[in-house]
Amino acid sequence: MDRHIRICLNRLSFYAIAVASLVLLLLFLQTPETCVPRDSPHKPHLRFPKSSCDYSPRELVPIDKKNKRLWSTKDWRKKVDSYIQFFKPIQDLGLLHNHSKVICVSAGAGHEVMAMSNMGILDVTGVELIDSPPLVSRADPHNLPFFDHVFDLAFSGHLAEALFPSRFASEMERTVRPGGVCLLVVERCGDIEVKEIVGLFRNSRFIRSNNVTLTGLPMTIIIMRTRKSP
Ligand SMILES: *[C@@H]1O[C@H](CO)[C@@H](O)[C@H](O)[C@H]1NC(C)=O
Ligand SMILES: *[C@@H]1O[C@H](CO)[C@@H](O)[C@H](O)[C@H]1NC(C)=O
């Protein structure tokens, strides 16, 4: 190697070592801050903390009690009712039946899952990155843990938040049977955006879009059908 480069590299590693040692020394000298008093009779460090600065015991509410509380709030019921009004026209179009097998992708806390169940749809599956039992199970929308063509209808209101929208779309299409329905609701938009979104669904044809109001927000519903032959 060229002598000049070697000297240069040596110098560089010397500086790197010096900076690293200094940082290490600083970290060593810094006392960590703690919210636990020094003379605390408990030994909070022996228990796993519930949060970074909480060592008071907290009651553990059972999940069904928690759900009962959540589902009886006015906000929850209003949203579920709004979803029921939203899904009714889909039923009227003959695209959603009581015996339809439905998946709600990125279902959040599960308003849409409860809405469909309340409408009489018997087989509704909700999935989300974080589960909310019993309405929503944990699954990655980009990698749905279901076989091909097992659902009659896939619904999502969260395509826009997907990390990889085209992957999200193709997973919805994959799990829906040929001739099934892909149903989206997105923020209110015009025809150009609708066309762009439909373009993500390469194995579906556009049926219709409508401007609607869902949970008080101006939205656009997009209805597609998956092609019969791949
Ligand atoms: C679907 O289920 C609901 C609720 O159980 C019921 O009221 C309705 O009549 C059913 N619809 C059909 C077409 O069976
Ligand atoms: C929906 O609303 C958007 C924005 O207001 C508008 O551009 C579009 O034409 C509307 N679409 C329909 C189908 O009415």
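**Figure 1. The whole chain, seen through its contacts and its elements.** Residues 24 or more positions apart account for 59% of the chain's contacts that have a separation of 6 or more. What you are looking at is a predicted model. Along the chain there are 6 helices and 7 strands. If you trace them from the N terminus, the order is α-α-α-β-α-β-β-β-α-β-α-β-β. Of the 230 residues in the chain, 34% are buried. The accessible surface adds up to about 15,600 Å², and carbon and sulfur atoms contribute 59% of that area.

**Figure 2. Helix α4 and the elements that cover it.** Is helix α4 enclosed or open? This helix spans residues 111-119, and because 7 of its 9 residues are buried, the rest of the structure largely encloses it. To find the buried positions, look for His111, Glu112, Val113, Met114, Ala115, Met116 and Met119. Both helices and strands help to cover these residues: among the covering elements are the helices α2 (63-71) and α3 (74-92). On the strand side, the cover includes β1 (101-105), β2 (123-128), β3 (136-138) and β4 (151-156). Just after the helix comes Gly120, which has a positive phi, near 110 degrees.

**Figure 3. Ligand 1, beside the end of helix α4.** Which residues are found around ligand 1? They are Asn98, Met119 and Gly120. The protein covers 23% of the 360 Å² of accessible area that ligand 1 has on its own. In the side chain of Asn98, an N or O atom lies 2.3 Å from an oxygen atom of ligand 1. Two of the other names here will be familiar from the previous view: Met119 is one of the buried residues of α4, and Gly120 is the residue that follows this helix.

**Figure 4. Ligand 2 and its shell of residues.** Around ligand 2 you will find Arg188, Cys189, Gly190 and Asn211. Of the 360 Å² of accessible area that ligand 2 has on its own, the protein covers 45%. How does this shell divide by residue type? It holds 1 nonpolar, 2 polar and 1 charged residue. For a close look at one atom pair, turn to Asn211: an N or O atom of its side chain is 2.4 Å from an oxygen atom of ligand 2.

Notes
Residues are numbered from 1 along each chain as its sequence is written. Chains are lettered from A and ligands numbered from 1 in the order in which they are written. This is a predicted model: local features need pLDDT of at least 70, side-chain atom pairs count only at pLDDT 80 or more; totals for chains, interfaces and linings use all residues. Side-chain values use heavy atoms; hydrogens and water are left out. A residue is near a molecule or strand if one of its heavy atoms lies within 4 Å of it. A polar contact is a pair of N or O atoms within 3.5 Å; within protein, one must be able to donate a hydrogen and the other to accept it, and residues adjacent in sequence count only if both atoms are side-chain atoms. Accessible areas come from the Shrake-Rupley method with a 1.4 Å probe; for residues, only the protein chains shown count as cover. Ala, Val, Leu, Ile, Met, Phe, Trp, Tyr, Cys and Pro count as nonpolar, Asp, Glu, Lys and Arg as charged, and the others, Gly among them, as polar. Buried means under 20% relative accessible area, exposed over 50%, partly exposed in between (1.4 Å probe, protein chains only). Helices (H or I, at least four residues) and strands (E, at least two) are DSSP runs, numbered from the N terminus. Contact means heavy atoms within 4.5 Å.
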